[in-house]
Amino acid sequence: MRVGDFGVEVVPHGRGNVRELESGHVLARPGQVYRLRLRNYGPLHCVVDVDLDGSRVTAGGLVLAPWSVTELERPIDAGEDGRFTVI
């Protein structure tokens, strides 16, 4: 999904499929492990906050450089050690 100069994409980790709907919802099977691909399409730095099911996974903000991309594989929190997984 892209909004302005920022995009987020759910990418399956390993085998499996995910499908994004026009509404922005993502379909995936239970147990599917995934990554979040964050992309800055613009010429300015941006600060990203990502929440999944009401829990922040970016530890208060992640700065993306202009024209850059990064992938998150798990929450940025010392108390979390698991990967993003569809329940």
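1. Ser68 sits in the loop between strand 9 and strand 10, the latter covering residues 69–72. In this predicted model, Ser68 counts as buried because its relative accessibility is 19%, and the cut-off for that word is under 20%. A polar atom of the Ser68 side chain lies 2.6 Å from the backbone oxygen of Ala65. When residues up to four places away in sequence are set aside, Ser68 touches Leu38, Arg39 and Asn40.

2. Before reading further, it helps to look at the confidence of the prediction. The protein chain has an average pLDDT of 86, and 92% of the residues score at least 70. Confidence is highest in strand 9 (residues 62–64), with a mean of 93, and lowest in strand 11 (residues 84–85), where the mean is 80. As a general caution, predicted coordinates should not be read in detail where pLDDT is low.

3. Strand 5 deserves a paragraph of its own, since several pairings involve it. Strand 5 runs antiparallel to strand 2 (residues 6–12), and 7 bridges join the two; within this pairing, Phe6 stands opposite Asn40 of strand 5. Strand 5 also pairs with strand 10 in the antiparallel sense, over 4 bridges, and here Arg37 has Glu71 in strand 10 as its bridge partner. A further antiparallel pairing, over 2 bridges, joins strand 5 to strand 11, where the bridge partner of Val33 is Thr85.

4. Which residues make up the largest nonpolar core? The core has 10 residues, namely Tyr34, Leu36, Leu38, Cys46, Val48, Val50, Val57, Leu64, Leu72 and Phe84. Strand 5 (33–40) and strand 6 (46–48) are the elements that give two or more residues to this core, and strand 5 gives the most, with 3 residues. For a student meeting this arrangement early on, the background is that nonpolar side chains tend to be buried together in soluble globular proteins. It is also worth remembering that side chains in a regular strand alternate between the two faces of the sheet.

5. Leu38, one of the residues of that core, has contacts that reach several parts of the chain. Residues up to four places away in sequence are again left out, and the partners of Leu38 then include Phe6, Gly7 and Val8, together with Val48 and Val50. Leu38 also touches Leu62, Leu64, Ser68, Val69, Thr70 and Leu72. The contact with Ser68 thus appears from both sides, as Leu38 is listed among the residues that Ser68 touches.

6. Thr70 belongs to strand 10 and is partly exposed, because its relative accessibility is 26%. Although Thr70 and Leu38 are 32 residues apart along the chain, their C-alpha atoms are separated by 5.4 Å. Leaving aside neighbours within four places in sequence, Thr70 is in contact with Leu36, Arg37, Leu38, Leu62 and Leu64.

7. A search of the whole structure finds 5 salt bridges, and one of them links distant parts of the chain, with Arg35 in strand 5 and Glu71 in strand 10, 36 residues apart. The closest N and O atoms of Arg35 and Glu71 are 2.6 Å apart. Is each partner buried or partly exposed? Arg35 counts as buried because its relative accessibility is 14%, whereas Glu71 counts as partly exposed because its value is 33%. Arg35 and Glu71 are also linked with Glu9 and Arg37 in a network of salt bridges. In general, side chains of opposite charge can pair when their charged atoms come close.

8. Arg56 takes part in two further pairs, which can be read side by side. With Asp51, Arg56 forms a salt bridge in which the closest N and O atoms are 2.8 Å apart, and with Asp49 it forms one in which they are 3.8 Å apart. Arg56 is partly exposed, because its relative accessible area is 42%. Asp51 is partly exposed with a relative accessible area of 42%, and Asp49 is partly exposed with one of 41%.

Methods. Residues numbered from 1 in each chain as written. Heavy atoms only, no water. pLDDT = per-residue confidence, 0-100. Core = buried A, V, L, I, M, F, W, Y, C linked by side-chain atoms within 4.5 Å. Buried < 20%, exposed > 50% of the residue type's maximum accessible area, 1.4 Å probe, protein only. Contact = heavy atoms within 4.5 Å. Polar contact = N/O pair within 3.5 Å; in protein donor to acceptor, adjacent residues only side chain to side chain. Salt bridge = Lys/Arg side-chain N within 4 Å of Asp/Glu carboxyl O. Pairing = 2+ DSSP bridges.
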